[in-house]
Amino acid sequence: MEHDRGAPGLPAPRGPLSEGVKGYLRGTGRLPRLEDVARAAVYGEDLQLALYLCYELHYRGFAGVSPDREWDPELLRTRAALEHRFLSALRADARVHDSVDGALAGLLVEPVDGTGVSHFLRDEGELWHLREYAAQRSLYHLKEADPHAWVLPRLWGRAKAGMAAVEFDEWGGGRADRVHARLFADLMTDLGLDTTYGRYVDAACAEALVTVNLMSLFGLHRSLRGALVGHFATVEITSSPGSRRLAEAMRRTGAGPAAEHFYDEHVEADAVHEQVVRHDVIGGLLEEEPQLAADVAFGIDATGFVEDRFGARLLADWRASRSSLCAPLDRETAHIS
């Protein structure tokens with residue numbers, strides 16, 4: 001069967017799990033043993049990259065890998081083992097709130113003295129920080145809204161209508177030049193980054209891979225539709241204030257008009273989306289399926305947990321004046337200031 005055109009190349013493995021999955025995809029090796037999966041660090045580079053390789057088959061796939069691998073039974077068995085480790089760890093480590101209202105309350109209040117990544121980038125970030133941040137976020141933003149779309153067939157009524165309305169905005173309202181993934185590619189161009197889909201997987205740290213894998217985990221499983229809605233709510237509710245700070249960072253550093261525009265667009269759009277998500281998507285879902293309340297709260301908590309880990313990794317590296325990346329962005333400008 002013809003391989004997918006325009007698909008990214010397979011990234012370099014980071015251990016025996018990802019090496020085994022990559023070899024299997026290429027038809028040159030065996031999948032990792034389940035006992036090896038059970039021993040691997042659950043949030044580590046190797047397990048998370050192996051899971052990322054499995055998930056990407058449901059997006060654009062990889063150059064030289066048959067599309068038939070998407071539903072390969074042996075690969076799905078390995079993916080299930082990886083997912084079980086990941087989901088079990090999240091349920092143990094990330095759960096904080098028992099109710100949706102409690103989980104949402106923490107998202108709706110901005111701390112007076114914020115210390116997160118967007119605050120750092122706004123106040124003291126340099127162009128090289130912005131480039132690293134954009135490169136790692138490109139793993140999601142170049143497919144923005146796609147993982148959340150999987151929940152649409154699993155919703156109905158107000159929840160489905162609200163979700164579809166927000167997704168339509170994310171995809172540019174019917175205009176290709178306004179699709180948010182396109183706007184992010186324009187941002188990357190302003191920052192001198194390669195806009196090729198999947199280009200910076202090798203550079204992404206484990207914590208960045210975790211944030212992307214979380215969306216795919218929730219999106220691909222109907223049983224986790226409540227958690228996916230919780231994730232979606234977290235992204236939309238927290239996006240507007242964070243995007244405002246990132247837009248200011250882009251302006252202060254002279255990153256470029258497209259870089260500014262991407263975040264300016266999210267300040268306005270996501271302020272509206274927040275209301276739709278809270279009242280229609282979450283409200284409509286729980287009106288139809290009240291038993292999913294705990295899953296929605298878990299999705300909110302899990303999203304905050306993995307985002308906090310990613311932010312802590314970035315800030316620890318940047319405050320120590322070192323790169324947060326696992327590989328240079330490019331040969332010519334691996335670390336610019």
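Residues 331-337 have pLDDT under 50 throughout, and for this stretch the predicted model shows seven contacts beyond four places in sequence. Where pLDDT is low, the predicted coordinates should not be read in detail. For the chain as a whole, the mean pLDDT is 93, and 96% of the residues reach 70 or more.

**Overall architecture**

The chain contains 14 helices and zero strands. Its radius of gyration is 19 Å, close to the 20 Å that the globule rule gives for 337 residues, so the chain is as compact as a globular protein of that length. The C-alpha trace spans about 55 × 50 × 40 Å along its principal axes. Of contacts between residues at least 6 apart in sequence, 80% join residues at least 24 apart.

Burial and surface composition complete this global description. Among the 337 residues, 55% count as buried. The exposed area of the chain is about 14,300 Å², of which carbon and sulfur atoms supply 51%. The chain carries 37 positive and 52 negative charges, and the mean positions of these two sets lie 5 Å apart.

**Selected helices and residues**

Three helices are considered in turn, beginning with α7. This helix covers residues 127-141 and includes His129. The relative accessible area of His129 is 4%; because this value is under 20%, the residue counts as buried. Leaving aside residues up to four places away in sequence, His129 touches Phe120, Leu121 and Trp318.

Helix α10 comprises residues 180-190, and its buried residues include His180, Ala181, Leu183, Phe184, Ala185, Leu187 and Met188. After α10 comes Gly192, which has a positive phi near 75°.

Helix α13 extends over residues 257-288 and holds Val276. When residues up to four places away in sequence are not counted, Val276 touches Gly162, Val166 and Val281. Val276 and Glu236 are 40 residues apart along the chain, and their C-alpha atoms are separated by 9.6 Å.

The residue ranges of these helices are collected below, each with a residue located in the helix.

| Helix | Residues | Residue in the helix |
|---|---|---|
| α7 | 127-141 | His129 |
| α10 | 180-190 | Phe184 |
| α13 | 257-288 | Val276 |

Notes
Residues numbered from 1 in each chain as written. Predicted model: local features only at pLDDT ≥ 70, side-chain atom pairs only at ≥ 80, totals over all residues. Heavy atoms only, no water. Helix = DSSP H or I, 4+ residues; strand = E, 2+ residues; numbered from the N terminus. Rg over C-alpha atoms; globule rule 2.2 N^0.38 Å. Buried < 20%, exposed > 50% of the residue type's maximum accessible area, 1.4 Å probe, protein only. Contact = heavy atoms within 4.5 Å. Areas by Shrake-Rupley, 256 points an atom, 1.4 Å probe, with all protein chains shown as cover. Lys, Arg positive; Asp, Glu negative; His and termini not counted. Charge placed at Lys NZ, Arg CZ, Asp CG, Glu CD. pLDDT = per-residue confidence, 0-100.
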